[in-house]
Amino acid sequence: MASATHTAQRFRPPQHRNESAAAAVFVFMPHKTGSTATANILRNAMRAVGQGHCFSDMVCADEKAFTAGRCPLSAENRLGYTSVWAPHRELLACKRFVIFSRTIPHSFVVDPVTRFYLSHASSCHAVFHLRHPFDTLVSMYNSFTSTHTIEVPDGWNVTRARIVEKRQAMHDMGVDLYAVNHSQRLFYKQTQLLRSEKRWQSEGWCATWLSHYEEMVERPRVWSSRFIEAIRVDEPSLRAAFEAEFARFAAAEQQLVQHAVPHLDLDVADGRDEQRGC
């Protein structure tokens with residue numbers, strides 16, 4: 001597989017993109033950063049104007065999930081690429097399509113599916129979202145060792161009892177040891193997200209915005225406004241739908257802020273994040 005440093009020429013330069021093509025919006029929000037709440041906002045807004053088919057909530061490229069038929073992967077995965085999705089060509093018929101992902105592969109810019117979308121888009125705006133790592137680790141401990149519903153997908157070679165046993169063992173570590181054991185992997189993922197944002201911006205593939213969970217929960221109205229501006233929604237009806245969905249979120253979140261609930265874990269409040277092996 002070619003290295004990321006030699007793949008820029010494989011993309012269609014922005015000035016050569018098809019101006020009649022769709023506008024692309026990418027939103028990258030890892031697990032435990034309010035991803036469930038945000039995905040619902042975007043999905044509901046698109047559905048409200050009859051464009052639900054133009055929103056795609058992608059699943060991660062996990063081998064077990066793939067074997068179980070839960071991850072629609074492209075053929076390139078068999079060749080070692082880190083693609084997280086199969087390309088959905090029907091999205092290109094949309095005036096604007098929104099791609100939401102909780103996973104940032106280490107070589108995301110050379111991913112063949114990402115390349116496909118970028119090369120066919122008339123414009124691109126991308127949101128990269130982060131949460132403070134220490135706060136994230138505590139949320140991971142609460143969710144993954146206690147509050148998340150246990151699911152055993154068809155085809156997985158594991159029993160519910162084994163999952164319960166493993167989860168209890170992690171819970172018995174206590175939050176401090178759990179955080180120490182999982183910190184390096186989280187730091188790596190967050191570093192890759194930051195590097196991806198810088199590269200997408202510097203090489204001109206997308207206009208990017210680095211969003212933060214802390215602003216999302218502490219200043220929800222400001223964050224919502226900044227999010228809408230970052231993805232550059234110009235169509236009046238779609239913009240109104242986004243504004244309505246984000247306003248509902250901000251109003252609910254503002255109530256929690258007023259009642260002094262610090263750093264609400266939106267993944268817990270919204271039910272649970274999908275457990276897809278990410």
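A residue counts as buried here if its relative accessible area is under 20%, as exposed if over 50%, and as partly exposed in between (1.4 Å probe, protein chains only). The model is predicted, so local features need pLDDT of at least 70 and side-chain atom pairs count only at pLDDT 80 or more, while totals for chains, interfaces and linings use all residues. Residues are numbered from 1 along each chain as its sequence is written, and side-chain values use heavy atoms, with hydrogens and water left out.

A good place to start is Trp-200, which is buried at 0% relative accessibility. Its neighbours bring in ring pairs: rings of Phe, Tyr and Trp (its six-membered ring) pair if their centres lie within 6.5 Å, and planes under 30 degrees apart count as stacked, over 60 as edge-to-face and the rest as tilted. By this rule there are 12 aromatic pairs. In one of them, the ring centres of Phe-26 and Trp-200 are 5.3 Å apart with the planes at 80 degrees, so this pair is edge-to-face. Helices (H or I, at least four residues) and strands (E, at least two) are DSSP runs, numbered from the N terminus. Phe-26 belongs to strand S1 (residues 23-28) and Trp-200 to helix H6 (residues 175-202), so the contact ties together parts that are 174 residues apart in sequence. Phe-26, too, is buried, at a relative accessible area of 0%. Trp-200 also makes an edge-to-face pair with Phe-28, at 5.6 Å centre to centre and 85 degrees between the planes. Here again S1 is linked to H6, this time across 172 residues, and both Phe-28 and Trp-200 are buried.

Elsewhere, ring pairs gather Trp-209, Trp-223, Phe-227, Phe-246 and Phe-249 into a cluster. Rings have charged company as well. A charge sits over a ring if NZ of Lys or CZ of Arg is within 6 Å of the ring centre and within 35 degrees of the ring normal. Arg-131 does this with Tyr-213, its charged end being 4.0 Å from the ring centre, and Lys-32 does it with Phe-144 at 5.8 Å.

Next come the strands, where two strands pair if DSSP finds at least two bridges between them. S1 runs parallel to strand S3, with 6 bridges joining them; Ala-24, for example, has Phe-97 in S3 as its bridge partner. Strand S2 (residues 55-57) also pairs with S3 in the parallel sense, over 3 bridges, and Phe-55 stands opposite Val-98. S3 itself (residues 96-101) is mostly covered, with 6 of its 6 residues buried. In a regular strand the side chains alternate between the two faces of the sheet. In S3 both faces are covered: Arg-96, Val-98 and Phe-100 are buried on one side, and Phe-97, Ile-99 and Ser-101 on the other.

S1 also runs parallel to S4, again with 6 bridges, and one bridge matches Val-27 with Val-127. S4 is mostly covered too, 7 of its 8 residues being buried. His-129 is found in this strand (residues 123-130) and is buried, with a relative accessible area of 0%. His-129 and Phe-28 are 101 residues apart in sequence, yet 6.1 Å apart in space, C-alpha to C-alpha. S4 pairs in turn with strand S5 (residues 207-212), in the parallel sense and over 6 bridges, with Phe-128 partnered by Leu-210 in S5.

Finally, there are the charges. Side chains of opposite charge can pair when their charged atoms come close. A salt bridge is a side-chain nitrogen of Lys or Arg within 4 Å of a carboxyl oxygen of Asp or Glu, and the whole structure has 9 of them. Glu-165 and Arg-162 form one at 3.7 Å, N to O; they are 3 residues apart in helix H5 (residues 160-173), so about one helical turn separates them. Arg-162 is partly exposed, at 43%. In another, Arg-239 meets Glu-229 with the closest N and O atoms 2.3 Å apart. Arg-239 lies in helix H9 (residues 236-258) and Glu-229 in helix H8 (residues 220-231), so this bridge ties together parts 10 residues apart in sequence. Both are partly exposed, Arg-239 at 23% and Glu-229 at 37%. Salt bridges with shared partners also join Glu-215, Arg-219 and Arg-226 into one network. Within that network, the closest N and O atoms of Arg-219 and Glu-215 are 3.6 Å apart; Arg-219 is partly exposed at 48%, whereas Glu-215 is buried at 16%.
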